[in-house]
Amino acid sequence: MSLFRDDGVVLRAQKLGEADRIITLLTRQHGKVRAVARGVRKTKSKFGARLEPFSHVDVQFFSRGSELVGRGLPLCTQVETIAPYGGPIVTDYGRYTAGTAMLETAERFAENEGEPAVQQYLLLVGALRTLAAGLHESHLVLDAFLLRSLAVNGYGASFTDCAKCGLDGPNRFFSLPAGGVLCGDCRVPGCAVPSPETLVLLGALLSGDWQTADACEPRYWREGSGLVAAYLQWHLERGIRSMRYVEK
Ligand SMILES: [Zn+2]
């Protein structure tokens, strides 16, 4: 039997029996971890409140085996809040729907329990912090998170240089299978031809250029969100269910 300590973001909390919950976390060192939190529904314990979705927490786990993941679900034995992002997120519909889509996406990309997904973890923490602070439109924070999540999982899109031959941008023809824009020579049937402004926006979201993204006209936000959703759908076998609730 072993004790483990890790910090993580609560992705989900499911009922287990009368009083317990199964908590799904994306942790810094162990990737996705599911653990049992006992008695959190019976008492109005701070322990339970700390394990709500969106919370960034420091958790001590008690595992039956020598690994955290593998021999039955570990127990959460101690929880400290690092940042309670849930508060400012669940009270605002736009933030809540964007945040929910982030949690679902993070879980899908970190599907294998116990397998570290450090970059995905860092992206999620950063995106929740930005979302909770309310500094940018929620759907932009979501789209930036989705594009970067795709990138750290090997599906980085190109929005300027040709994704096939590398020709300097701007290029106009957007192809999902090619992973970005294509030049006139490389274009294939079925390319979308988004507005140049939309491609600038998507490049800005991917690189973290908020000044450009915030100043972009809303109609390009909408076109950009459509392309991001289609690109995400292309790479994830099943779509992200919560995406349909996101306000555009
Ligand atoms: Zn080309």
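In this predicted model, the structure holds 10 salt bridges. Side chains of opposite charge can pair when their charged atoms come close. One such pair is formed by R28 and D7, whose side chains meet in a salt bridge with an N to O distance of 3.3 Å. Because R28 lies in the loop between strand 2 (20-27) and strand 3 (31-37), whereas D7 belongs to strand 1 (residues 2-16), this pair ties together parts that are 21 residues apart in sequence. The two partners can also be described by their accessibility: R28 counts as partly exposed, because its relative accessibility is 33%, while D7, at 14% relative accessibility, counts as buried, because that value is under the 20% cut-off.

A further salt bridge joins D20 and R38, and here the closest N and O atoms are 3.1 Å apart. This pair likewise links distant parts of the chain, since D20 sits in strand 2 and R38 in the loop between strand 3 and helix 1 (46-50), with their positions 18 residues apart in the numbering. D20 has a relative accessibility of 15% and therefore counts as buried.

Another salt bridge is found between the side chains of R219 and E217, with 3.0 Å from N to O. In this case R219, at 53% relative accessibility, counts as exposed, and E217 is partly exposed, with a relative accessible area of 41%. Beyond these pairs, salt bridges also link R12, K32 and E107 in a network.

Helix 6 was examined next. This helix comprises 12 residues (residues 196-207), which at 1.5 Å a residue should span 16 Å; because its end C-alpha atoms lie 17 Å apart, the computed length agrees with that expectation. An α-helix has 3.6 residues a turn, so residues three or four places apart point the same way. The buried residues in helix 6 are T198, L199, L201, L202, A204 and L205. The surroundings of these buried residues are drawn from several elements of the chain, as they pack against helix 5 (138-155), strand 6 (173-175), strand 7 (180-182), helix 7 (210-215) and helix 8 (218-235). Just after helix 6 comes G208, which takes a positive phi of about 85°.

Definitions and conventions:
Residues numbered from 1 in each chain as written. Predicted model: local features only at pLDDT ≥ 70, side-chain atom pairs only at ≥ 80, totals over all residues. Heavy atoms only, no water. Helix = DSSP H or I, 4+ residues; strand = E, 2+ residues; numbered from the N terminus. Expected span 1.5 Å × (residues − 1). Buried < 20%, exposed > 50% of the residue type's maximum accessible area, 1.4 Å probe, protein only. Contact = heavy atoms within 4.5 Å. Salt bridge = Lys/Arg side-chain N within 4 Å of Asp/Glu carboxyl O.
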